[in-house]
Amino acid sequence: MSYFQIMNRFIAIALILISAATSAAKPPRTRSVAAPQPPTVYGVAFYNLENLFDTINTNGSYDLEFTPAGARKWDTEKYRAKISNLASAIAAMTCADTPAGPAVIGIAEVENRDVVADLVSSPELARSNLGIVHHDSPDQRGIDVALLFNPELFTPLDVSTHTLRIASEPQLRTRDQLCVTGVLGDADTVSIIVNHWPSRLGGKKESEPRRIAAANLCRQISDSLWRRHPDRGIIIMGDLNDDPHDTSCAVTLGADKRAENVRRHGFYNPWWKMLDAGRGTLAYRGNWNLFDQIIVSGTLLPAHNGKLQLKRARINNFDFLRDDDGRTPRRTYRSGRWLNGYSDHFPTEIYLEKR
């Protein structure tokens, strides 16, 4: 073997030994594990805006009250103050789970699309770029329901409206039920039915058949959706003018007090226990009512393993929304006196978690 062959072999052996030593000195590689992502939570809210009228009389005697010449002296200054106050209330609906605010907000007692547009374009809400789904109802007072949505969190797919008709009262003109189907984030498709059921004018017992009829209509809409989409999550929200334990909610709609009793195509009412505990969204003669409800189908409960599941519910009774008593809602007027308030109802909200 030549001298050069010997040297080449020696160098090769040396390089192998150095490589082995270097490899041994390196710490073993560990497989990187991605940090668990926090769950995605969507807020779904409802707010009765208490007579959000503009200052123009478009409905004859029913609208005259909310004009500069009417009993309330409803002028541009008061209207703008009302818009700003309500926008501040909606902008405050944030929490650690939903820093951008609710994905959708059902609203009631709005006169027309223009007042809703003024609301979402106000300085307090403009940056949220909220979308609007609105429909003019045949209501005698000229008030409607609508749905606001954050386009980054909710994508509408379909809209339908449903008129309440009662054979024994063909002259009845009330708010239509607005059904909006859409996708919450990238989680799942839900259908939201926004309501403002007939009032208790004339007495609770005397007017109850109207609200039972409204609950029946809600149930019919839901059953129709489930026939086509058995796994669909359905949310019934609104000012129902009844409490969770009243016949329209508890019997006709079948919204149960206990989640464990609810079947997939049944309904759960998370507000019932709150009312039992002495909490409400509006007060009448010192007593609480909880008319502002967001009721969820069994398909949105953890027991039924859907892609979206109810996490919790809360009344957004922020301190600044309360009257001087520190307890009840600070409304726009009391006994004919302008209070520069918000609404006679507190807003409500539920939280749905993506699973």
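Two strands pair if DSSP finds at least two bridges between them. This briefing applies that rule to a predicted model, in which an open sheet of 7 strands has the order 5-6-7-8-13-10-9 with mixed pairing. At the edges of that sheet stand strand 5 and strand 9, each with a single partner strand, so one side of each is left without a neighbour in the sheet. The points below treat the sheet and its hairpin, a kinked helix, the pockets and the cavity, and several individual residues.

**Strand 6 and its partners**

- Strand 6 covers residues 177-184, and 7 of its 8 residues are buried, so the strand is largely enclosed by the rest of the structure.
- On one side, strand 6 pairs with strand 5 (residues 154-162) in the antiparallel sense, over 8 bridges. Within this pairing, valine 180 of strand 6 is the bridge partner of valine 159.
- Strand 6 also pairs with strand 7 (residues 188-196), again in the antiparallel sense. This pairing runs over 7 bridges.
- Two positions illustrate the match with strand 7: leucine 178 stands opposite valine 194, and leucine 184 stands opposite aspartate 188.
- Strand 6 and strand 7 form a hairpin with 3 residues between the strands. In that hairpin, glycine 185 takes a positive phi near 55°.

**Helix 4**

- Helix 4 consists of 25 residues, 204-228. From its first C-alpha to its last it reaches 36 Å, close to the 36 Å expected at 1.5 Å a residue.
- The helix nevertheless contains a kink of about 25°, centred on arginine 210.

**The largest pocket**

- The volume of the largest pocket is about 1,400 Å³. Its lining is made up of 41 residues, and those closest to the centre are Glu109, Ser199, Arg200, Leu201 and Asn241.
- Several strands contribute at least two residues each to this lining: strand 1 (41-52), strand 11 (282-284), strand 12 (287-289) and strand 15 (333-334).
- By class, the lining of the largest pocket holds 15 charged, 14 polar and 12 nonpolar residues.

**The second largest pocket**

- The second largest pocket contains about 250 Å³ of space.
- Its lining comprises 19 residues. Nearest the centre of this pocket lie Ala100, Gly101, Ser128, Leu130 and Asn150.
- The lining of the second largest pocket divides into 11 nonpolar, 5 polar and 3 charged residues.

**The cavity**

- The count of cavities of 30 Å³ or more comes to 1. The largest cavity has a volume of about 40 Å³.
- The residues that line the largest cavity are Glu50, Asn51, Phe66, Arg72, Trp74, Lys82, Thr332 and Tyr333.
- By class, this lining has 3 nonpolar, 2 polar and 3 charged residues.

**Tryptophan 288 and asparagine 261**

- Tryptophan 288 belongs to strand 12. Its relative accessibility is 18%, and it counts as buried because that term applies under 20%.
- Tryptophan 288 and aspartate 243 are 45 residues apart along the chain, and their C-alpha atoms are separated by 9.7 Å.
- Asparagine 261 is placed in the loop between strand 9 (255-256) and strand 10 (267-268). With a relative accessible area of 45%, asparagine 261 is partly exposed.
- A separation of 9.3 Å is found between the C-alpha atoms of asparagine 261 and glycine 298, which are 37 residues apart along the chain.

**Loop residues with positive phi**

- Asparagine 305 is a residue other than glycine with a positive phi, near 55°. It is found in the loop between strand 13 (292-297) and strand 14 (308-315).
- The relative accessibility of asparagine 305 is 64%, so this residue counts as exposed, a term that applies over 50%.
- Serine 335, likewise a residue other than glycine, has a positive phi near 55°. Its place is in the loop between strand 15 and strand 16 (337-338).
- Serine 335 has a relative accessible area of 80% and is therefore exposed.

Conventions: Residues numbered from 1 in each chain as written. Predicted model: local features only at pLDDT ≥ 70, side-chain atom pairs only at ≥ 80, totals over all residues. Heavy atoms only, no water. Helix = DSSP H or I, 4+ residues; strand = E, 2+ residues; numbered from the N terminus. Expected span 1.5 Å × (residues − 1). Bend = angle between axes of the 7 residues up to and from the residue. 1 Å grid on protein atoms, 1.4 Å probe; cavity = no way out; pocket = protein on both sides within 12 Å on 5 of 7 lines; lining within 4 Å. Points joined across faces, edges and corners; volume = space filled by probe spheres on them. Nonpolar A, V, L, I, M, F, W, Y, C, P; charged D, E, K, R; others polar. Buried < 20%, exposed > 50% of the residue type's maximum accessible area, 1.4 Å probe, protein only.
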